[in-house]
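Here are some notes for a colleague who is opening this structure for the first time. They go point by point through selected features, and each point can be checked in the viewer.

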Amino acid sequence: MKFPLLCAMMFLQFFVWGSWYVTAGTFVPAMGWPQTTTGWVYSAGPIAALISPLFLGLIADRYFASQRVLAVMHGLGAVVMLVLIPGAIEAKDATYFEWYVLAYMLCYMPTLGLSNTVAFSHIENAEKQFPLARVFGTLGWIAAVTLVSKGMGADQKPVMFLVAGYSSLAMAVLSWMLPHTPPPAAGKQVSLGEMLGLGALGLLRDRAFAVFLLCSFLTCIPLAGYYGFGNQFAGTVWSEPGFYLTFGQWAEVLFMVVMPACFARLGVKWMLAVGMLAWVIRYGLFALAAGSAPPTAWMVLGGILLHGICYDFFFVTGQIFVDQKARPEIRGQAQSMLVLVTQGLGMLLGAQAMTEIVTGNTAGGVADWGTIWLLPCLGAAGILVVFLLLFRAPARQPVGRAH
């Protein structure tokens, strides 16, 4: 009975996020709010990603059962989505809206780590069962975006936040039904540096790891544009852009299945390089598509379908590489440092930089999408060149942990 509950947990965990995160990019301009609001909405997640390790390390992982903290955090998130955000929307107050989205993400981001803790604590074979459970998360994301965008036609309507609120409430209820998961760090002395992954700084003496971390950070700057403004751009092609963006998640599932075979054939360096190249091609397709009026649909769809390579080959390979390079006693810290540098600092800087690019290339309410996508395309291409020149692949190892 435990495993079906864990699958349901993963489904709802990502259903909650997907129900508003993609379509918020088209909702904000539909409200008549400036693109700076879009930038801050998509900066909220990275800011929360910087803070959540402290919350998890200082409180959640040491004093309370993980499933109970999961319930409380989703319950608080439901209040923000069902009460505070609708109030800001009704008042047409962009500033309060930005703050409430940040408040919500501060509730939500710790639940990503908590749900993983619950899952890993109750599955018998992590290598076989966790990927299957995690696929339900991707399916939850797809279901949520499809419901909001295709089913409700709500890419620009505030009902998306109600869907997020009620599904968050459902997740809070489900969390009380999950198997008991004691705090994993109860009684342990954990330093601030360990929570931030600073114990893994010694890995930077390894040239391959240092180049990888630097290029991962830099790559997250241009790629942040897809999350913040991809739905807006897709809206110039289709009336239900969020639905079409879910094709990228279907591609993610496909490439996750074939990834072990690709890894065995290509190795770390070329897996990462192909992942970076996919971002270059994606933005190149978007820039070329924007050159026609309306934008060429197959090019936009092609860029969306590259998401499987963009995400799996770059992010998942990066996690595997870090796991292989780190000693067992600092693996957790090494992964924390990777999240801090990429999902935190890189995505935060990227969200703000892409907002400046979009606002600087918008006149009379019309965005010059060709130029907007060309700039991150060139940036990603430059980072790829640096990576290929400086990264020296380590000795081949099988997918999994180094021993």
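1. A good place to begin is Q249, whose neighbours, leaving aside residues up to four places away in sequence, are T138, W141, I142 and H307. Please bear in mind throughout that the model is predicted. Q249 belongs to helix α10, and with a relative accessible area of 10% Q249 falls under the 20% limit and therefore counts as buried.

2. The helix that carries Q249 deserves a closer look, and its packing can be described in simple terms, since two packed helices are described by the angle between their axes and the distance between the axes. Helix α9, residues 207–234, packs with helix α10, residues 241–289, at an angle of about 150 degrees, and their axes are 6 Å apart. Because angles over 145 degrees count as roughly antiparallel, α9 is roughly antiparallel to α10. The crossing of these two helices, α9 and α10, is left-handed, and the contact of α9 with α10 comprises 17 nonpolar, five polar and one charged residues.

3. Which way does α10 cross α12? The crossing in which α10 passes α12 is right-handed, while the axes of α10 and α12 come within 5 Å and cross at roughly 60 degrees, and α10 and α12 are therefore oblique to each other. Sorted by class, the contact of α10 with α12 holds 22 nonpolar, eight polar and three charged residues.

4. How many salt bridges does a search of the whole structure find? The search finds two, and the general background is that side chains of opposite charge can pair when their charged atoms come close. In one of them E240 pairs with K150, and the closest N and O atoms are 3.0 Å apart. This pair links distant parts of the chain, since E240 sits in the loop between α9 and α10 whereas K150 sits in helix α6, residues 126–151, and the two are 90 residues apart. K150 has a relative accessible area of 39% and is thus partly exposed.

5. A salt bridge is also formed by D206 with K325, where the closest N and O atoms are 2.7 Å apart. Here too the pair links distant parts of the chain, with D206 in the loop between α8 (192–195) and α9, K325 in helix α12 (residues 307–325), and their positions 119 residues apart in sequence. D206, at 28% relative accessibility, counts as partly exposed, and K325, at 24%, counts as partly exposed as well.

6. The loop between α12 and α13 (331–360) contains R327, a residue that is partly exposed, with a relative accessible area of 45%. Although R327 and L203 are 124 residues apart in sequence, they are 9.5 Å apart in space when taken from C-alpha to C-alpha.

7. A last point concerns backbone geometry, for which it helps to recall that most residues other than glycine have a negative phi. In K92, a residue other than glycine, phi is positive, with a value near 55 degrees. K92 is placed in the loop between α4 (66–90) and α5 (94–122), and since its relative accessible area is 58%, K92 is exposed.

Conventions
Residues are numbered from 1 along each chain as its sequence is written. This is a predicted model: local features need pLDDT of at least 70, side-chain atom pairs count only at pLDDT 80 or more; totals for chains, interfaces and linings use all residues. Side-chain values use heavy atoms; hydrogens and water are left out. Axes are lines fitted to C-alpha atoms, for helices over the stretch in contact, and angles run from 0 to 180 degrees between N-to-C directions. Helices (H or I, at least four residues) and strands (E, at least two) are DSSP runs, numbered from the N terminus. Angles under 35 degrees count as roughly parallel, over 145 as roughly antiparallel, 65 to 115 as roughly perpendicular and the rest as oblique. A crossing is left-handed if the near helix is turned anticlockwise from the far one by less than a right angle, and right-handed if clockwise. Ala, Val, Leu, Ile, Met, Phe, Trp, Tyr, Cys and Pro count as nonpolar, Asp, Glu, Lys and Arg as charged, and the others, Gly among them, as polar. Buried means under 20% relative accessible area, exposed over 50%, partly exposed in between (1.4 Å probe, protein chains only). Contact means heavy atoms within 4.5 Å. A salt bridge is a side-chain nitrogen of Lys or Arg within 4 Å of a carboxyl oxygen of Asp or Glu.
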